[in-house]
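This report covers cysteines and charged side-chain pairs. The sequence and the coordinates come first.

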Amino acid sequence: MSEKELGQKWDRCLADCAIKVGAGLGLGIVFSVIFFKRRTLPIAFGTGVGLGMAYSNCQNDLRSPYLLHSNTTKEQ
C-alpha cells in the first residue's frame, strides 16, 4: 500500500468519523430535549454509537488493502 493510498484512507476515515459523531451528537441532543428532560445520557449514547460505527468502518477500510474505491462513473 502506497503512502498516497494510506493518506486517502485516513482522510475517508476522519471524514466518516466527523459525520457519524456529529449525527449521533445531533440526534442525542434532539432526543435529550424532546424525550428525556435534558439529561446527558442520550447525548453520550448517540455520540458513542457514532464513534463506534466510524471506528468499525475505518477498521474495515484499513484492513482491506485490495478493495478498490471508485469516485468516478462510466459514461456510456
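Is C58 buried or exposed? In this predicted model, C58 is buried, because its relative accessible area is 14% and the cut-off for buried is under 20%.

## Cysteines

C13 is buried as well, since its relative accessibility is 3%, again under the 20% limit. For C58 the corresponding value is 14%.

The structure holds 0 disulfides. A disulfide would need a pair of cysteine sulfur atoms within 2.5 Å.

## Salt bridge between helices

The count of salt bridges comes to 2. One of them joins D61 and R12, with 3.4 Å between the closest N and O atoms. D61 belongs to helix α2, which spans residues 41-63, and R12 to helix α1, which spans residues 3-34, so this pair ties together parts that are 49 residues apart in sequence.

The accessibility of each partner can be stated in turn. D61 has a relative accessible area of 11% and is therefore buried. R12 has a relative accessibility of 32% and counts as partly exposed, because the partly exposed class runs between 20% and 50%.

## Salt bridge within helix α1

K20 and D16 also form a salt bridge through their side chains, with an N to O distance of 2.8 Å. That distance satisfies the 4 Å limit for a salt bridge.

Where do K20 and D16 lie, and how many residues apart are they? Both are in helix α1, 4 residues apart, so about one helical turn separates them.

Notes. Residues are numbered from 1 along each chain as its sequence is written. This is a predicted model: local features need pLDDT of at least 70, side-chain atom pairs count only at pLDDT 80 or more; totals for chains, interfaces and linings use all residues. Side-chain values use heavy atoms; hydrogens and water are left out. Buried means under 20% relative accessible area, exposed over 50%, partly exposed in between (1.4 Å probe, protein chains only). Helices (H or I, at least four residues) and strands (E, at least two) are DSSP runs, numbered from the N terminus.
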